[in-house]
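Thank you for making time for this. I would like to walk you through one structure, beginning with its sheet and ending with one of its helices.

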Amino acid sequence: MRDPKIEREIRNCWRPRPKRANKGDFGRIFILAGSRGLTGAAALASFAALRAGAGLVTLSCPSTLVPILSMKQTCAVVRPLPDTGDGHLGAGAWRTVDGLARDCDVIAIGPVVQETSRDFDRYWSSPLAYPVDRLLRPVPAERIAEIKAA
C-alpha cells in the first residue's frame, strides 16, 4: 500500500535532473543475478535500480537466460555470462564479471550466485565485494515513524 507521506519524503531527496544530463551522470549499476527458474528477482532488481534513479543498469546472467530476461527487462542492458548450459553460472564467469563491473558505481549480486559457482570464491574475497551493512546504515525506527507522521 502506498503511503503519500513516505512518497513525499522520498521525492524531496531527488533534485530535478539538468536538461543537458547524460544517463551516465546518474550512476552505473551492475546486477549479477538469475539462474534457471529464478529470473523474476533479477528482473525486479533491475526495474528497482532504474526506478530509484540509476542512469545505466547492466543485468548480467547465465547466457541461457538472456532471452528470458531481455523480454522481461527492456530498459536495462542484459549481458550474458558463461554458463553450464542449464541456466547456472559456469567456470570463468568471474572474469567476465570483472570486466563488466569495473566501471560501475554499485554492484548487486543475488544470493543464488554464491550457491551455484565455486569460481566466485575469488570474487567474494576481492576488494570489489562489500557486505551491504557496511555500505548502508540501518534507519532507526523513530526516524521511520517520524517520516510516516509527517
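I will go through the sheet, then one residue in it, and then the helices that lie across it.

Please keep in mind throughout that what you see is a predicted model. The sheet is an open one of 4 strands, in the order β3-β2-β1-β4, and the pairing is parallel. At its edges are β3, residues 77-81, and β4, residues 106-109, each of which pairs on one side only. From one strand to the next the twist averages 20°. If we look at β2 and β3, which run parallel, they are joined by 5 bridges, and P62 has L81 in β3 as its bridge partner.

Staying with strand β2, residues 56-62, we find T58 there. Is T58 buried or exposed? Its relative accessibility is 11%, and therefore T58 counts as buried, the cut-off being under 20%. Leaving aside residues up to four places away in sequence, T58 touches I29, F30, I31, V77 and R79.

Turning to the helices, α2, residues 40-51, lies across β1 and β2, and runs at about 170° to β2. Helix α4, for its part, lies across β1, β2, β3 and β4, running at about 150° to β3.

Which residues of α4, residues 93-101, are buried? They are A93, V97 and A101, and because these cover an arc of only 55° around the axis, they sit on the same side of α4. As general background, an α-helix has 3.6 residues a turn, so residues three or four places apart point the same way. On the face of α4 turned away from that buried side, we find the exposed residues R95 and G99.

Terms used
Residues are numbered from 1 along each chain as its sequence is written. This is a predicted model: local features need pLDDT of at least 70, side-chain atom pairs count only at pLDDT 80 or more; totals for chains, interfaces and linings use all residues. Side-chain values use heavy atoms; hydrogens and water are left out. Buried means under 20% relative accessible area, exposed over 50%, partly exposed in between (1.4 Å probe, protein chains only). Helices (H or I, at least four residues) and strands (E, at least two) are DSSP runs, numbered from the N terminus. The arc is that of the directions from the helix axis to the C-beta atoms. Contact means heavy atoms within 4.5 Å. Two strands pair if DSSP finds at least two bridges between them. Axes are lines fitted to C-alpha atoms, for helices over the stretch in contact, and angles run from 0 to 180 degrees between N-to-C directions.
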